[in-house]
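User: I am new to reading protein models. Can we go through this one step by step?

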Amino acid sequence: TPLPFHREATVRVAASPQVVFALLDDHQRLAAHMEKPSLMMAGATMKIETDSEKGQALGSLITVKGQVLGVALSVSEKVTEYSPPMCKTWETFGETHLLVIGAYRMGFVISQDAEISQLRVWIDYDWPTGQWARLLGKYLGQTYADWCVQRMATDAVRAF
């Protein structure tokens, strides 16, 4: 299904693609910015759960749940592309219960440039369903999507 909105961040990471992929392949670490209170999360946190494959295999499942401003949020994701050490993609399936973005496809691509890796983190997304959530999505969806990809990319740079 085509998703109408796209955001991405590209950074250079001082590590090999194998090492960068291993870092980002840990979904708990990759999405750690969602498990900490922040302004973008309205002070709330989300809990990330994975299946027995820990989100590290094609078809592996990831669930994200939490509450923001008293509203229960949840989304289920499935790994749809898994090609270590170059790329990984995951996307939502089923009903999404989010405030500022709806269904999404997200991933990262790593390429080698001499001794440095180039990392591109991206998200394709739609607005959420529901009148109020859609309104929030129109005003805050792009800001939130930018924050997510930027955090994942800069967290990888900081790790090395």
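User: Where is the place of T96?

Analyst: This is a predicted model, where local features need pLDDT of at least 70, side-chain atom pairs count only at pLDDT 80 or more, and totals for chains, interfaces and linings use all residues. Residues are numbered from 1 along each chain as its sequence is written, and side-chain values use heavy atoms, leaving out hydrogens and water. Strands are DSSP runs of E, at least two residues, and helices are runs of H or I, at least four, numbered from the N terminus. T96 has its place in strand 5, residues 87–97.

User: Is T96 buried or exposed?

Analyst: Buried means under 20% relative accessible area, exposed over 50%, partly exposed in between (1.4 Å probe, protein chains only). T96 has a relative accessible area of 16%. So T96 is buried.

User: Which residues does T96 touch, not counting residues up to four places away in sequence?

Analyst: Contact means heavy atoms within 4.5 Å. By that rule, T96 touches S74, V75, G102 and A103.

User: Which element gives the most to the largest nonpolar core?

Analyst: A nonpolar core is a set of buried Ala, Val, Leu, Ile, Met, Phe, Trp, Tyr and Cys residues joined through side-chain atoms within 4.5 Å. The largest one here has 39 residues, and I123 is among those with the most contacts inside it. Elements giving two or more residues include strand 1 (5–13), helix 1 (17–24) and helix 3 (131–159). The one that gives the most, with 8 residues, is helix 3.

User: Why are the buried residues P17, V20, F21, L23 and L24 on the same side of helix 1?

Analyst: P17, V20, F21, L23 and L24 are buried in helix 1. The arc is taken from the directions from the helix axis to the C-beta atoms. These residues are on the same side of helix 1 because they cover an arc of only 160°.

User: How many residues apart are R105 and E91, which meet in a salt bridge?

Analyst: A salt bridge is a side-chain nitrogen of Lys or Arg within 4 Å of a carboxyl oxygen of Asp or Glu. R105 and E91 meet at 3.2 Å, N to O. R105 is in strand 6 and E91 in strand 5, so the pair links distant parts of the chain. They are 14 residues apart.

User: How far apart, N to O, are the side chains of R158 and D155?

Analyst: Both lie in helix 3, 3 residues apart, about one turn of the helix. R158 counts as exposed, at 63% relative accessibility. D155 counts as partly exposed, at 23%. Their side chains meet in a salt bridge at 3.5 Å.
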